[in-house]
Amino acid sequence: MPFEPSELILNPDGSIYHLHLKPEHIAPTIITVGDPERVEMVTSFFDSVEFKTQKREFHTQTGTFRGKRITVISTGIGTDNIDIVLNELDALANIDLETRVVNPVLSPLNFIRIGTSGAIQKDIPVDSFLLSETAIGLDSLLHYYENLQFENQEIIAELKQQLPLPISPYVADCDPVLKTIFSEASELILGTTATNVGFYAPQGRNLRAKPKAGNLIEKLAAFNYGHIKITNLEMETSGIYGLSKILGHRAVSLNAILANRATGEFSKNPEKTIEKLIKFALDRIISVS
């Protein structure tokens, strides 16, 4: 049965509503970044760029790097935006926008997040790179979806027992194939990433509006279950991993560690660190099939 116009919303030119993209505009391998200005930073290393568009915070460019076609898209900040971006990219790959029905053969996409994050463990240095093996969602996004059989219920139970959380967490892992491609590099730290809904109180920052959960960073850092410790905190990875699992895509999140919340440090040259992570990622993305 075709999707109704109120559910699958298209622009007058036939492009998907928020992203302003058509199926031919995207490649099977997609780099996501938070900051729209970072899109140009990534594609500056491309051999060529064939397509550009921007609507709201969603800036997209598709081009070629060493013969591989890649799309780069900015998501903005937060899992609410990830909900829009991943669902609309999936629609471009797997729904016929003219007939409004699901394609008979589904096309999995590769999502590589190149983002920034703050470490919460003292031994993770500022300006290092971290791959999120597992994402813990402290937001509400996946609670609105079905088919969460991929979740590790033992980890969720431990999180609820050890941490004073205002919401039930969810857990999703990165794609094992993408993890192998990127984690072969010795300079990459493997970690467990917590994703929350905001930058200030939800990440334990205490300015004039006081956080309800006192000592949040210390409590997250103290979580221990087997070999699992929470290494860093950011705002998108859990949504990317969770929706990728639900929709049948592959995802991995690469983090430039710009801050260490345990030591109070912040990178002296964050742009340089982000640029190094982009080069690191592009050198390995050409191996993604």
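Helix 2 and helix 6 are roughly parallel to each other, a term that covers angles under 35 degrees, because their axes come within 9 Å and cross at roughly 30°. Helix 2 (residues 79-94) passes helix 6 (residues 237-247) in a right-handed crossing. The contact, meaning heavy atoms within 4.5 Å, is made by T79, I82, D83, L86, N87 and D90 of helix 2 and by S238, G239, I240, L243, S244 and L247 of helix 6; these residues divide into five nonpolar, five polar and two charged.

This is a predicted model, in which local features need pLDDT of at least 70 and side-chain atom pairs count only at pLDDT 80 or more, while totals for chains, interfaces and linings use all residues. Residues are numbered from 1 along each chain as its sequence is written, and side-chain values use heavy atoms, with hydrogens and water left out.

Helix 2 also takes part in a pocket (on a 1 Å grid over the protein atoms alone, an open set of points with protein on both sides within 12 Å along at least five of seven lines, whose lining residues have an atom within 4 Å of a point). This second largest pocket has a volume of about 360 Å³, and of its 16 lining residues F3, L8, N87, A91 and I95 lie nearest its centre. Helix 2 gives the most to that lining, with five residues.

The largest pocket has a volume of about 550 Å³, and R38, T116, S117, F199 and L258 are the closest to its centre among the 28 residues that line it. Strand 7 (110-119) supplies the largest share of this lining, six residues.

Note on methods. On a 1 Å grid over the protein atoms alone, a cavity is a set of points where a 1.4 Å probe fits but cannot get out, and a pocket is an open set with protein on both sides within 12 Å along at least five of seven lines; lining residues have an atom within 4 Å of a point. Grid points are joined across faces, edges and corners, and a volume is the space filled by probe spheres set on the points. Helices (H or I, at least four residues) and strands (E, at least two) are DSSP runs, numbered from the N terminus. Axes are lines fitted to C-alpha atoms, for helices over the stretch in contact, and angles run from 0 to 180 degrees between N-to-C directions. Angles under 35 degrees count as roughly parallel, over 145 as roughly antiparallel, 65 to 115 as roughly perpendicular and the rest as oblique. A crossing is left-handed if the near helix is turned anticlockwise from the far one by less than a right angle, and right-handed if clockwise. Ala, Val, Leu, Ile, Met, Phe, Trp, Tyr, Cys and Pro count as nonpolar, Asp, Glu, Lys and Arg as charged, and the others, Gly among them, as polar.
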